[in-house]
Number of protein chains: 2
Amino acid sequence: MAIELDDDATAKRQVNLGPLATMLSFALRRAQAVVGEDFQRSFAVEEIRPMLFSIMLVLKHNPGLRQSLASAALGIKRTNFVPLFDELQERGLAERRQVAGDRRAAALFLTEAGLTLLSRLEHVSAHSEAHFTARLGAEGRAQLLGLLHRLGDTAFDVDTSEAQAG
Amino acid sequence: MAIELDDDATAKRQVNLGPLATMLSFALRRAQAVVGEDFQRSFAVEEIRPMLFSIMLVLKHNPGLRQSLASAALGIKRTNFVPLFDELQERGLAERRQVAGDRRAAALFLTEAGLTLLSRLEHVSAHSEAHFTARLGAEGRAQLLGLLHRLGDTAFDVDTSEAQAG
DNA sequence: TATTGTTATACTCTATAACTATA
DNA sequence: TATAGTTATAGAGTATAACAATA
């Protein structure tokens, strides 16, 4: 069950990655792949993808949330949120309820089954996170989170009028 | 041209992300999205996607590389490498050459046009990297790279026999 | 007019299985 | 039998345009 990751390691030793080795975008993609694989494999038992887990988690902490807010907070488009939530609903893990005062909006909730499953998933997630914390150390992990948030949270505060060719 | 990122920021202020706020997988996904968008927008002028750029970069530093090694080093499957390289070849940016001694293998090279375009892309990339370095500071950036490599490079050194339910 | 949710659609990246031609 | 490259195909995430119902 070696998952053929030896190949990658061997190749990296033989191949000169050049500037890629110090590019943020590349390092992020690789790290995300490794962490993502671990999560995906962990959640596979419950047939839950990371994205569904994220949605459930947000709903647990914000019962009655609107779809627009939920998707914006998770960084996905309203339009892509719909089929994801449909899946949770069809599986009996979450539900849409009507909102008094705005007949367009839907309030989102986890069901009992959803909450039950979620608490199992949270254990799995904690286990996976612990795995990586072990590799980075507690401070390393905290540092990494801080740096990632500094990259991700701000979005852009720079204007896009920099179309000057080099 | 506000790219509707205000919505995300507003939503995040209103929504309690709970454990997601301190999960590596989530922070990585968000950071990768921001950095990836910036790269994608930068490269859009030349109609080059980040993945094509990575391939070109590796080829520049390893002329004559075999496909298997190239794809393994970049962390993508041989099978997915093929159409990507086909695209480079059809656009006259790279080419496959026969290898003396092994008629199965192909040696990959950038063309003159490929090298010319690549040097332009490298400027664009440097600009984008600088943008994020400015946000993190030089040490912050170095720290981040180190931590990401510690996550990504090792792949797994842990066995998969941990299927114990909690 | 603007907003909430929705459908339809397409593109990119990723993943598996099976094939060919060599070795 | 194994390896290098290839084809076909499917899944998952993300993007845009356009619509209905409601505000």
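The legends below describe close-up views of a predicted model of two protein chains with two DNA strands. In this predicted model, local features need pLDDT of at least 70 and side-chain atom pairs count only at pLDDT 80 or more, while totals for chains, interfaces and linings use all residues. Residues are numbered from 1 along each chain as its sequence is written, chains are lettered from A and ligands numbered from 1 in the order in which they are written, and side-chain values use heavy atoms, with hydrogens and water left out.

**View 1. The relation between chain A and chain B.** Chain A is superposed on chain B by a rotation of 180° with 0.0 Å of shift along its axis, and the RMSD is 0.0 Å (least squares on the C-alpha atoms of residues with pLDDT of at least 70 in both copies). This is the relation of a two-fold axis. Within chain A, the C-alpha of Leu144(A) comes closest to the rotation axis, at 3.1 Å. Because 99% of the interface residues of chain A are also interface residues in chain B, the copies meet through the same surface.

**View 2. The crossing of α2(A) and α2(B).** Helix α2 spans residues 24-44 in chain A and in chain B, and the two axes come within 9 Å and cross at roughly 145° (lines fitted to C-alpha atoms over the stretch in contact, with angles from 0 to 180 degrees between N-to-C directions; helices are DSSP runs of H or I with at least four residues, and strands are runs of E with at least two). Residues of α2(A), including Leu28(A), Val35(A) and Phe39(A), meet residues of α2(B), including Leu28(B), Val35(B) and Phe39(B) (contact means heavy atoms within 4.5 Å). The residues of this contact divide into eight nonpolar, four polar and two charged (Ala, Val, Leu, Ile, Met, Phe, Trp, Tyr, Cys and Pro are nonpolar, Asp, Glu, Lys and Arg are charged, and the others, Gly among them, are polar).

**View 3. The protein surface near DNA strand C.** DNA strand C is surrounded by 21 residues, and Ser68(A), Thr79(A), Arg104(A), Asn80(B) and Arg103(B) are the closest (near means a heavy atom within 4 Å). Of the strand C atoms within 4 Å of the protein, 62% belong to sugar and phosphate. A polar side-chain atom of Arg104(A) lies 2.5 Å from a base oxygen of the strand, and a polar backbone atom of Ala106(A) is 2.8 Å from a phosphate oxygen.

**View 4. The protein surface near DNA strand D.** By class, this surface has five nonpolar, six polar and ten charged residues. A backbone N or O atom of Arg103(A) lies 2.7 Å from a phosphate oxygen of strand D, and a polar side-chain atom of Arg96(B) lies 3.1 Å from a phosphate oxygen of this strand.

How values were computed: A polar contact is a pair of N or O atoms within 3.5 Å; within protein, one must be able to donate a hydrogen and the other to accept it, and residues adjacent in sequence count only if both atoms are side-chain atoms.
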